[in-house]
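Okay, thanks for coming, everyone. I'll put the structure up and then walk through a few parts of it.

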Amino acid sequence: MTRPNPAVAQSATLAEIAREAGVSAPTVSKVLNGRADVAPSTRTRVEDLLRHHGYRRRRAEASRSPLIDLVFHELESAWAMEVIRGVENVARDEGLSVVLSESAGRLTPGRTWADQVAARRPHGVVLVLSGLDESQRALLTSRSIPFVVVDPAGAPGDDVPSVGATNWQGGLAATRHLAELGHRRIGVISGPSRMMCSRARLDGYRAALDTAGLPVDPTLVRSGDFHHDTGYRAGLELLKLPDRPTAVFAGNDLQALGLYEAARELGLRIPEDLSIVGFDDLPVARWVGPPLTTVRQPLTEMAEAAARLVLDLGRSERPSTATRVELATSLVVRSSTAPPPT
(Lines give C-alpha, C1' and ligand atoms only; values in the text may rest on other atoms or scores of the structure.)
Protein backbone atom coordinates (compact mmCIF):
# COMPACT_ATOMS: atom_id res chain seq x y z
CA MET A 1 0.00 0.00 0.00
CA THR A 2 1.39 3.44 -0.93
CA ARG A 3 2.02 5.61 2.10
CA PRO A 4 0.36 9.01 1.71
CA ASN A 5 2.12 12.28 2.23
CA PRO A 6 2.01 13.14 5.98
CA ALA A 7 0.84 16.65 5.14
CA VAL A 8 -2.16 15.15 3.34
CA ALA A 9 -2.75 12.39 5.92
CA GLN A 10 -4.08 14.69 8.62
CA SER A 11 -6.72 16.19 6.30
CA ALA A 12 -7.94 12.95 4.70
CA THR A 13 -11.72 12.78 4.45
CA LEU A 14 -13.86 9.72 4.90
CA ALA A 15 -14.47 9.66 1.18
CA GLU A 16 -10.73 9.58 0.48
CA ILE A 17 -10.22 6.81 3.03
CA ALA A 18 -13.12 4.88 1.50
CA ARG A 19 -11.57 5.20 -1.97
CA GLU A 20 -8.20 3.99 -0.73
CA ALA A 21 -9.81 1.05 1.09
CA GLY A 22 -11.93 0.14 -1.93
CA VAL A 23 -15.21 0.46 0.00
CA SER A 24 -18.07 2.93 0.22
CA ALA A 25 -18.12 5.94 2.53
CA PRO A 26 -21.08 4.44 4.49
CA THR A 27 -18.92 1.37 5.18
CA VAL A 28 -16.18 3.59 6.63
CA SER A 29 -18.85 5.28 8.73
CA LYS A 30 -20.03 1.88 10.00
CA VAL A 31 -16.48 1.01 11.06
CA LEU A 32 -16.13 4.35 12.84
CA ASN A 33 -19.38 3.76 14.71
CA GLY A 34 -18.50 0.21 15.69
CA ARG A 35 -21.30 -1.41 13.71
CA ALA A 36 -21.17 -5.20 13.61
CA ASP A 37 -22.33 -5.61 10.00
CA VAL A 38 -18.84 -5.18 8.47
CA ALA A 39 -16.66 -8.07 7.32
CA PRO A 40 -13.62 -8.55 9.61
CA SER A 41 -11.13 -8.17 6.75
CA THR A 42 -12.82 -4.95 5.63
CA ARG A 43 -12.89 -3.61 9.19
CA THR A 44 -9.17 -4.33 9.59
CA ARG A 45 -8.32 -2.61 6.29
CA VAL A 46 -10.35 0.49 7.13
CA GLU A 47 -9.01 0.65 10.70
CA ASP A 48 -5.45 0.49 9.39
CA LEU A 49 -6.10 3.39 7.04
CA LEU A 50 -7.83 5.44 9.74
CA ARG A 51 -4.83 4.96 12.02
CA HIS A 52 -2.39 5.68 9.20
CA HIS A 53 -4.14 8.93 8.34
CA GLY A 54 -4.39 9.89 12.02
CA TYR A 55 -8.13 10.26 11.63
CA ARG A 56 -9.90 11.18 14.86
CA ARG A 57 -13.62 11.61 15.19
CA ARG A 58 -14.67 15.20 15.80
CA ARG A 59 -16.26 15.63 19.19
CA ALA A 60 -19.49 16.78 17.57
CA GLU A 61 -19.67 13.38 15.91
CA ALA A 62 -18.90 11.46 19.07
CA SER A 63 -22.32 10.94 20.62
CA ARG A 64 -21.49 9.04 23.80
CA SER A 65 -23.50 6.46 25.67
CA PRO A 66 -24.04 7.18 29.39
CA LEU A 67 -21.49 4.51 30.37
CA ILE A 68 -18.05 3.94 31.87
CA ASP A 69 -16.35 0.68 30.90
CA LEU A 70 -14.50 -0.97 33.80
CA VAL A 71 -12.14 -3.81 32.83
CA PHE A 72 -10.42 -6.23 35.24
CA HIS A 73 -7.85 -8.87 34.38
CA GLU A 74 -9.68 -11.05 36.94
CA LEU A 75 -12.62 -10.66 39.32
CA GLU A 76 -11.91 -13.13 42.09
CA SER A 77 -11.28 -11.06 45.19
CA ALA A 78 -12.60 -8.43 47.58
CA TRP A 79 -9.90 -6.18 46.08
CA ALA A 80 -12.05 -5.88 42.95
CA MET A 81 -15.11 -4.91 44.99
CA GLU A 82 -13.30 -1.89 46.44
CA VAL A 83 -12.39 -0.71 42.93
CA ILE A 84 -15.93 -1.26 41.63
CA ARG A 85 -17.27 0.78 44.56
CA GLY A 86 -15.02 3.71 43.68
CA VAL A 87 -15.97 3.79 39.98
CA GLU A 88 -19.65 3.38 40.88
CA ASN A 89 -19.44 6.35 43.27
CA VAL A 90 -18.28 8.66 40.49
CA ALA A 91 -20.59 7.16 37.84
CA ARG A 92 -23.61 7.62 40.11
CA ASP A 93 -22.76 11.28 40.73
CA GLU A 94 -22.45 11.82 36.98
CA GLY A 95 -25.65 9.97 36.06
CA LEU A 96 -23.72 7.19 34.32
CA SER A 97 -23.79 3.40 34.47
CA VAL A 98 -20.81 1.01 34.69
CA VAL A 99 -20.18 -1.83 32.23
CA LEU A 100 -18.05 -4.49 33.93
CA SER A 101 -15.88 -6.97 32.05
CA GLU A 102 -13.00 -9.35 32.73
CA SER A 103 -10.09 -10.35 30.49
CA ALA A 104 -9.83 -13.87 31.98
CA GLY A 105 -6.43 -13.29 33.57
CA ARG A 106 -4.88 -11.71 30.46
CA LEU A 107 -3.13 -8.39 30.99
CA THR A 108 -4.49 -7.13 27.65
CA PRO A 109 -8.17 -7.52 26.65
CA GLY A 110 -8.95 -9.37 23.42
CA ARG A 111 -9.72 -7.66 20.12
CA THR A 112 -13.41 -8.54 20.39
CA TRP A 113 -13.59 -6.45 23.55
CA ALA A 114 -12.17 -3.39 21.77
CA ASP A 115 -14.79 -3.68 19.02
CA GLN A 116 -17.55 -3.95 21.62
CA VAL A 117 -16.32 -0.84 23.42
CA ALA A 118 -16.18 1.07 20.13
CA ALA A 119 -19.78 0.06 19.46
CA ARG A 120 -20.92 1.11 22.96
CA ARG A 121 -19.19 4.52 22.73
CA PRO A 122 -18.80 4.98 26.51
CA HIS A 123 -17.60 8.17 28.15
CA GLY A 124 -14.36 6.38 28.94
CA VAL A 125 -12.61 3.15 29.89
CA VAL A 126 -10.95 2.32 33.21
CA LEU A 127 -8.60 -0.70 33.05
CA VAL A 128 -7.40 -2.40 36.24
CA LEU A 129 -4.02 -4.19 36.33
CA SER A 130 -4.07 -4.42 32.56
CA GLY A 131 -3.41 -2.35 29.48
CA LEU A 132 -4.01 -2.01 25.76
CA ASP A 133 -1.94 -2.97 22.75
CA GLU A 134 -1.18 -0.42 20.04
CA SER A 135 -4.14 -1.34 17.82
CA GLN A 136 -6.59 -1.14 20.73
CA ARG A 137 -5.23 2.24 21.79
CA ALA A 138 -5.51 3.51 18.23
CA LEU A 139 -9.08 2.19 17.94
CA LEU A 140 -10.22 3.99 21.11
CA THR A 141 -8.33 7.15 20.16
CA SER A 142 -9.99 7.22 16.72
CA ARG A 143 -13.37 7.14 18.51
CA SER A 144 -12.36 9.84 21.03
CA ILE A 145 -12.85 7.32 23.85
CA PRO A 146 -10.38 8.16 26.65
CA PHE A 147 -8.90 5.48 28.90
CA VAL A 148 -7.04 5.33 32.22
CA VAL A 149 -5.12 2.40 33.73
CA VAL A 150 -5.35 1.67 37.47
CA ASP A 151 -2.27 0.06 39.05
CA PRO A 152 -0.73 -0.86 35.67
CA ALA A 153 0.94 -4.26 35.51
CA GLY A 154 3.87 -2.92 33.50
CA ALA A 155 5.26 0.48 32.62
CA PRO A 156 2.25 2.12 30.91
CA GLY A 157 4.24 4.74 28.98
CA ASP A 158 4.33 8.49 29.46
CA ASP A 159 1.34 9.01 27.17
CA VAL A 160 -0.95 6.56 29.01
CA PRO A 161 -2.88 8.13 31.91
CA SER A 162 -2.63 5.96 35.03
CA VAL A 163 -3.49 5.92 38.72
CA GLY A 164 -1.50 3.98 41.29
CA ALA A 165 -0.29 3.93 44.88
CA THR A 166 3.07 4.33 46.61
CA ASN A 167 3.85 0.60 46.57
CA TRP A 168 7.57 0.98 47.29
CA GLN A 169 6.87 3.17 50.30
CA GLY A 170 4.28 0.65 51.49
CA GLY A 171 6.73 -2.26 51.29
CA LEU A 172 9.29 -0.13 53.12
CA ALA A 173 6.84 0.80 55.91
CA ALA A 174 5.66 -2.81 56.38
CA THR A 175 9.18 -4.21 56.70
CA ARG A 176 10.51 -1.31 58.75
CA HIS A 177 7.68 -1.86 61.27
CA LEU A 178 8.77 -5.47 61.73
CA ALA A 179 12.44 -4.52 62.05
CA GLU A 180 11.64 -1.85 64.64
CA LEU A 181 9.79 -4.46 66.70
CA GLY A 182 13.08 -6.35 66.89
CA HIS A 183 12.62 -9.00 64.18
CA ARG A 184 15.82 -10.04 62.41
CA ARG A 185 14.58 -12.90 60.23
CA ILE A 186 11.84 -11.30 58.15
CA GLY A 187 10.39 -13.27 55.25
CA VAL A 188 8.38 -12.01 52.30
CA ILE A 189 5.79 -13.50 49.96
CA SER A 190 5.73 -11.15 46.97
CA GLY A 191 3.27 -10.94 44.11
CA PRO A 192 3.81 -11.82 40.43
CA SER A 193 7.13 -10.50 39.14
CA ARG A 194 5.47 -9.25 35.93
CA MET A 195 3.44 -6.73 37.95
CA MET A 196 5.16 -3.45 38.76
CA CYS A 197 3.24 -3.03 42.02
CA SER A 198 4.55 -6.31 43.47
CA ARG A 199 8.09 -5.58 42.31
CA ALA A 200 7.93 -2.17 43.97
CA ARG A 201 6.72 -3.69 47.26
CA LEU A 202 9.55 -6.23 47.17
CA ASP A 203 12.07 -3.44 46.50
CA GLY A 204 10.65 -1.57 49.50
CA TYR A 205 11.14 -4.70 51.62
CA ARG A 206 14.78 -4.94 50.53
CA ALA A 207 15.38 -1.24 51.17
CA ALA A 208 13.98 -1.51 54.70
CA LEU A 209 16.24 -4.46 55.51
CA ASP A 210 19.25 -2.61 54.14
CA THR A 211 18.40 0.50 56.16
CA ALA A 212 18.09 -1.65 59.31
CA GLY A 213 21.46 -3.28 58.61
CA LEU A 214 19.86 -6.68 57.95
CA PRO A 215 20.86 -8.96 55.06
CA VAL A 216 18.37 -10.05 52.41
CA ASP A 217 18.29 -13.82 52.85
CA PRO A 218 17.15 -15.45 49.55
CA THR A 219 15.79 -18.45 51.50
CA LEU A 220 13.22 -16.13 53.11
CA VAL A 221 11.90 -14.76 49.79
CA ARG A 222 8.97 -16.42 48.01
CA SER A 223 6.99 -15.39 44.91
CA GLY A 224 3.20 -15.55 44.91
CA ASP A 225 0.25 -14.56 42.77
CA PHE A 226 -1.72 -12.43 45.27
CA HIS A 227 -4.12 -15.32 46.06
CA HIS A 228 -4.91 -17.07 49.34
CA ASP A 229 -3.66 -20.49 48.23
CA THR A 230 -0.22 -19.15 47.36
CA GLY A 231 0.04 -17.47 50.75
CA TYR A 232 -0.75 -20.81 52.36
CA ARG A 233 1.72 -22.86 50.29
CA ALA A 234 4.56 -20.34 50.46
CA GLY A 235 3.81 -19.85 54.14
CA LEU A 236 4.24 -23.55 54.84
CA GLU A 237 7.58 -23.50 53.01
CA LEU A 238 8.85 -20.56 55.06
CA LEU A 239 7.53 -21.78 58.40
CA LYS A 240 9.00 -25.29 57.95
CA LEU A 241 12.53 -23.94 57.47
CA PRO A 242 15.00 -25.10 60.14
CA ASP A 243 15.63 -21.43 61.00
CA ARG A 244 12.20 -20.06 60.17
CA PRO A 245 11.34 -16.36 60.01
CA THR A 246 9.77 -14.76 63.07
CA ALA A 247 7.89 -12.30 60.84
CA VAL A 248 6.60 -12.22 57.26
CA PHE A 249 5.52 -9.39 54.97
CA ALA A 250 2.83 -11.15 52.94
CA GLY A 251 2.62 -8.79 49.97
CA ASN A 252 -1.17 -8.50 50.06
CA ASP A 253 -4.00 -9.32 52.47
CA LEU A 254 -5.16 -12.47 50.69
CA GLN A 255 -1.70 -14.00 50.91
CA ALA A 256 -1.56 -12.93 54.55
CA LEU A 257 -4.77 -14.88 55.21
CA GLY A 258 -3.23 -17.94 53.57
CA LEU A 259 -0.24 -17.49 55.84
CA TYR A 260 -2.59 -17.37 58.85
CA GLU A 261 -3.89 -20.79 57.82
CA ALA A 262 -0.37 -22.20 57.44
CA ALA A 263 0.61 -20.91 60.88
CA ARG A 264 -2.46 -22.44 62.54
CA GLU A 265 -1.78 -25.75 60.84
CA LEU A 266 1.75 -25.79 62.29
CA GLY A 267 0.59 -24.75 65.76
CA LEU A 268 2.15 -21.28 65.63
CA ARG A 269 0.42 -18.42 67.41
CA ILE A 270 -0.01 -14.98 65.87
CA PRO A 271 1.63 -12.70 66.98
CA GLU A 272 3.33 -14.56 69.86
CA ASP A 273 5.27 -16.91 67.56
CA LEU A 274 4.89 -15.18 64.19
CA SER A 275 4.19 -11.58 63.16
CA ILE A 276 2.41 -10.94 59.85
CA VAL A 277 1.88 -7.77 57.79
CA GLY A 278 -0.36 -7.64 54.72
CA PHE A 279 -1.02 -5.04 52.05
CA ASP A 280 -4.31 -3.47 50.80
CA ASP A 281 -6.36 -3.15 54.04
CA LEU A 282 -9.39 -4.99 52.71
CA PRO A 283 -12.41 -5.09 55.07
CA VAL A 284 -11.56 -8.69 56.00
CA ALA A 285 -8.28 -7.48 57.55
CA ARG A 286 -10.26 -6.08 60.47
CA TRP A 287 -12.39 -9.22 60.91
CA VAL A 288 -9.79 -11.99 61.12
CA GLY A 289 -8.36 -13.12 64.44
CA PRO A 290 -6.16 -11.47 65.33
CA PRO A 291 -6.92 -8.37 63.24
CA LEU A 292 -4.26 -7.95 60.56
CA THR A 293 -1.58 -5.27 60.56
CA THR A 294 -1.45 -4.14 56.94
CA VAL A 295 -0.52 -1.37 54.54
CA ARG A 296 -3.60 0.54 53.48
CA GLN A 297 -3.82 0.98 49.73
CA PRO A 298 -6.61 3.50 49.04
CA LEU A 299 -8.33 1.29 46.46
CA THR A 300 -11.69 3.06 46.44
CA GLU A 301 -10.04 6.47 46.22
CA MET A 302 -7.75 5.23 43.42
CA ALA A 303 -10.78 4.04 41.46
CA GLU A 304 -12.59 7.32 42.06
CA ALA A 305 -9.55 9.26 40.86
CA ALA A 306 -9.33 7.09 37.72
CA ALA A 307 -13.02 7.55 36.92
CA ARG A 308 -12.81 11.32 37.39
CA LEU A 309 -9.66 11.49 35.28
CA VAL A 310 -11.17 9.54 32.40
CA LEU A 311 -14.25 11.80 32.42
CA ASP A 312 -12.08 14.93 32.54
CA LEU A 313 -10.08 13.64 29.57
CA GLY A 314 -13.30 13.10 27.65
CA ARG A 315 -14.43 16.66 28.30
CA SER A 316 -11.09 18.26 27.45
CA GLU A 317 -10.16 19.31 23.95
CA ARG A 318 -6.48 18.80 24.82
CA PRO A 319 -4.87 15.73 26.38
CA SER A 320 -3.99 16.09 30.04
CA THR A 321 -0.31 16.51 30.88
CA ALA A 322 -0.82 14.90 34.32
CA THR A 323 -0.68 11.31 33.09
CA ARG A 324 0.31 9.70 36.41
CA VAL A 325 -1.60 10.06 39.69
CA GLU A 326 -0.13 8.31 42.74
CA LEU A 327 -1.98 8.11 46.06
CA ALA A 328 -0.24 7.53 49.38
CA THR A 329 -0.22 4.23 51.25
CA SER A 330 -0.15 4.08 55.07
CA LEU A 331 0.65 1.45 57.68
CA VAL A 332 -2.31 0.32 59.81
CA VAL A 333 -1.05 -1.40 62.97
CA ARG A 334 -3.39 -3.97 64.50
CA SER A 335 -2.83 -7.14 66.52
CA SER A 336 -0.92 -9.45 64.16
CA THR A 337 2.49 -7.95 64.92
CA ALA A 338 4.54 -7.96 68.14
CA PRO A 339 8.17 -8.27 69.20
CA PRO A 340 9.75 -11.64 68.34
CA PRO A 341 9.63 -14.48 70.88
CA THR A 342 12.54 -14.50 73.30
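So, how are helix 2 and helix 3 oriented to each other: roughly parallel or roughly perpendicular? Keep in mind while you look that this is a predicted model. The two axes come within 8 Å and cross at roughly 105 degrees. Anything from 65 to 115 counts as roughly perpendicular, and therefore that's what we call helix 2 and helix 3.

Who touches whom at that crossing? From helix 2 we have Leu14, Ile17 and Ala18, and they meet Ala25, Val28 and Leu32 of helix 3. Sort the residues of this contact by type and you get six nonpolar, no polar and no charged.

Let's stay with helix 3 for a moment, which spans residues 25-32. The buried residues there are Thr27, Val28, Val31 and Leu32. Look down the helix axis and those buried residues fall within an arc of 145 degrees, so they line one face of helix 3. And what covers them? The cover includes helix 2, at 14-21, plus helix 4, at 40-52, and helix 7, at 134-142. Val28 and Leu32 are worth a second look, since they're on the buried list and they also turn up in the contact with helix 2.

Right, on to the sheets. One of them is an open sheet of six strands, order 2-1-3-4-5-11, with parallel pairing. Which strands are at its edges? Strand 2, residues 97-102, and strand 11, residues 324-327, and each of those pairs on one side only. Ignoring direction, neighbouring strands here are turned by 20 degrees against each other on average.

Zoom in on strand 4, 147-150, and strand 5, 162-165: they run parallel and two bridges join them. Valine 149 has serine 162 in strand 5 as its bridge partner. Packed on this sheet is helix 13, residues 299-315, which touches strand 1, strand 3, strand 4, strand 5 and strand 11. Its direction makes about 165 degrees with that of strand 4.

Now the other sheet I wanted to show. Again it's open with six strands, but the order is 7-6-8-9-10-12 and the pairing is mixed. Strand 7, at 221-223, and strand 12, at 330-332, stand at the edges with a single partner strand each, so one side of each has no neighbour in the sheet. From one strand to the next, the twist averages 20 degrees.

Inside that sheet, strand 9, residues 275-280, pairs with strand 10, residues 293-296, in the parallel sense over four bridges. If you want a spot to click on, glycine 278 stands opposite threonine 294 in strand 10.

Which helices lie across these strands? Helix 8, residues 167-180, lies across strands 6, 8, 9, 10 and 12, and runs at about 165 degrees to strand 9. Then there's helix 9, residues 196-211, across strands 6, 7, 8 and 9, running at about 170 degrees to strand 6.

Last stop, a single residue: isoleucine 84, which sits in helix 5, residues 78-94. Is it buried or exposed? The relative accessible area of isoleucine 84 is 15%, and the cut-off for buried is under 20%, so isoleucine 84 is buried. Leaving aside neighbours within four places in sequence, its contacts are Leu70, Phe72, Leu75 and Leu100. Take leucine 70 from that set: 14 residues away in sequence, and 8.0 Å from isoleucine 84, C-alpha to C-alpha.

That's the tour, happy to take questions.

Definitions and conventions:
Residues numbered from 1 in each chain as written. Predicted model: local features only at pLDDT ≥ 70, side-chain atom pairs only at ≥ 80, totals over all residues. Heavy atoms only, no water. Buried < 20%, exposed > 50% of the residue type's maximum accessible area, 1.4 Å probe, protein only. Arc of directions from axis to C-beta. Contact = heavy atoms within 4.5 Å. Axes fitted to C-alpha atoms, helices over the stretch in contact; angles between N-to-C directions. Parallel < 35°, antiparallel > 145°, perpendicular 65-115°, else oblique. Nonpolar A, V, L, I, M, F, W, Y, C, P; charged D, E, K, R; others polar. Pairing = 2+ DSSP bridges.
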